[in-house]
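Me: I'd like a close look at one part of this model, please. Could you walk me through the aromatic rings, and then follow the thread to whatever else is worth a look?

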Amino acid sequence: MVRSSIVTAPADEAAGRNEDAAVVDVVCLGESMVTFLPSRPGRLADVPSFGRGIGGAESNVACALAAAGHRARWVGRVGADGFGDHLVDTIAGYGVDTSAVSRDPHRPTGVYFRTADDRDADGFEVVYYRAGSAASAMSPLTVPLDELAAGRVLHLSGITAALSADCLDLMRTLTARRAGRPLVSFDVNHRANLWRGPDGPRVLLDLARGADLVFVGEDEALTAWGVRGAAAIRATLPQPGTLVVKQGAAGATVYTRTGAGSDTVTTVPAPRVDVVAPVGAGDAFAAGFLSATLRGLPVRDRLRHGHLMAAAALTVPGDLGTPPSRAHADRLAALDPQAWGRLRLGPGWTGANAAPGAAPATGAGPAPAQGADDQEERTP
């Protein structure tokens with residue numbers, strides 16, 4: 001039975017639990033790698049130098065949640081090498097608990113190189129050096145399962161399932177429905193080039209059906225499963241209590257299972273964003289939605305916090321942006337529908353936290369109308 005406190009606890013109660021050092025809000029499991037970012041646009045063959053960063057869907061979520069004031073833990077495996085040191089130190093620097101990370105003396109830390117283009121652009125290139133990595137040896141025998149069960153939420157991604165047969169075995173173990181498990185959050189994250197055969201889409205669908213909260217993009221659902229549109233995705237994935245369908249710049253739609261077995265459907269448009277780099281938005285959106293869920297906020301506000309966290313990532317060069325302060329994000333999330341529709345977020349917008357009433361972004365409009373609701377909500 002899933003812990004219902006994840007979705008029903010009031011904000012003050014959730015905040016009180018977060019202040020208790022014994023409580024972990026979210027545990028994130030997955031591979032993190034050292035990423036080499038190009039010094040200029042162009043083909044990998046033409047880029048003269050690279051800067052070093054970190055990359056990993058699950059550790060990105062953990063870092064964003066920690067930066068937003070939550071107690072987050074990242075669980076993974078890295079090599080006993082300098083790149084492993086860099087990963088653990090950098091992730092811990094965001095305030096993430098890395099005490100459950102394992103060091104493998106026989107396998108290296110994964111690395112990858114990518115171009116500066118958008119992942120969906122024709123010129124995008126990414127080269128992974130992760131085969132045989134320390135993370136690919138994750139399994140039910142090499143990962144501390146008790147550490148994974150210690151949080152209120154366990155966040156997983158479909159990327160892990162593609163790394164090895166052992167990793168897939170671990171993912172199947174963690175998404176198996178059983179009494180007493182934490183709320184299982186699963187980001188589909190379909191990466192066709194990671195799968196060695198044609199079974200990836202079917203495996204991802206099976207894993208998603210075992211989760212309680214699922215994030216999936218309309219585009220990846222079409223590519224992986226041949227399913228078009230949010231309603232059809234829900235028909236394909238009826239099992240999760242909450243299904244979040246990301247619709248790019250248009251916004252996102254959430255299907256929330258009611259006690260009667262039907263769904264409440266909530267759609268919230270995304271604000272306009274002056275994009276600096278189109279990377280990291282999906283992980284940031286998941287972090288924002290999870291943060292608002294942990295605080296017991298209404299579904300509309302969970303979506304708005306997801307959009308705001310994604311905008312923080314899109315308006316910086318790397319994968320991880322500095323989130324707005326909680327008070328700043330709450331003010332924006334409470335805007336009336338017209339003001340939210342005029343909102344435009346550009347570089348540096350998360351720093352506009354100083355004075356109440358200060359315009360954090362162009363088009364922010366008048367002060368928030370408390371209780372205003374722009375959601376399209378219906379019960380089929």
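Reply: F50 is partly exposed, because its relative accessible area is 29%, which falls between the 20% and 50% cut-offs. Please keep in mind that this is a predicted model. The ring partner of F50 is F113. These two rings have their centres 5.3 Å apart and their planes at 85 degrees, so the pair is edge-to-face. F50 belongs to strand 3 (residues 50-55) and F113 to strand 7 (residues 111-114), so the contact links parts of the chain that are 63 residues apart. F113 is also partly exposed, at 26% relative accessibility.

Now to another pair of rings. F36 and F83 meet edge-to-face as well, with 6.0 Å from centre to centre and 75 degrees between the planes. F36 sits in strand 2 (residues 33-38) and F83 in helix 4 (residues 82-93), so this pair ties together parts that are 47 residues apart in sequence. The two partners can be told apart by their accessibility: F36 is buried at 15%, whereas F83 is partly exposed at 32%.

How do these rings fit together? Ring pairs link F36, F50, F83 and F113, along with Y129, into a cluster. In the structure there are 7 aromatic pairs, including the F36 and F83 pair.

A ring can also have a charge over it. Here the charged end of R130 sits over the ring of Y128, 4.7 Å from the ring centre.

Next, the cysteines. The structure has 0 disulfides. C28 is in no disulfide, and the nearest cysteine sulfur, which belongs to C63, is 8.9 Å away. A disulfide needs the two sulfur atoms within 2.5 Å, so that distance rules the pair out. C28 is buried, with a relative accessible area of 0%, and C167 is likewise buried at 0%.

What about empty space inside the protein? There are 3 cavities of 30 Å³ or more, and the largest has a volume of about 50 Å³. Its lining is made up of A64, A284, M309, A312, A313, D319, L320, G321, T322 and P323. Helix 12 (residues 299-314) gives the most to this lining, with 3 residues. By character, the lining of the largest cavity divides into 7 nonpolar, 2 polar and 1 charged.

Two loop residues round off the tour. N189 has a positive phi of about 45 degrees although it is not a glycine. You will find N189 in the loop between strand 10 (183-187) and helix 8 (200-209). N189 counts as buried because its relative accessibility is 9%, and buried means under 20%.

P144 lies in the loop between strand 8 (126-129) and helix 5 (145-148). P144 is partly exposed, with a relative accessible area of 25%. From C-alpha to C-alpha, P144 is 9.1 Å from S102, while the two are 42 residues apart in sequence.

To come back to your rings: F50 pairs with F113, F36 pairs with F83, and ring pairs bring these four and Y129 into a cluster.

Conventions. Residues numbered from 1 in each chain as written. Predicted model: local features only at pLDDT ≥ 70, side-chain atom pairs only at ≥ 80, totals over all residues. Heavy atoms only, no water. Buried < 20%, exposed > 50% of the residue type's maximum accessible area, 1.4 Å probe, protein only. Phe/Tyr/Trp six-rings, centres within 6.5 Å; stacked < 30°, edge-to-face > 60°. Helix = DSSP H or I, 4+ residues; strand = E, 2+ residues; numbered from the N terminus. Lys NZ or Arg CZ within 6 Å of the ring centre and 35° of its normal. 1 Å grid on protein atoms, 1.4 Å probe; cavity = no way out; pocket = protein on both sides within 12 Å on 5 of 7 lines; lining within 4 Å. Points joined across faces, edges and corners; volume = space filled by probe spheres on them. Nonpolar A, V, L, I, M, F, W, Y, C, P; charged D, E, K, R; others polar.
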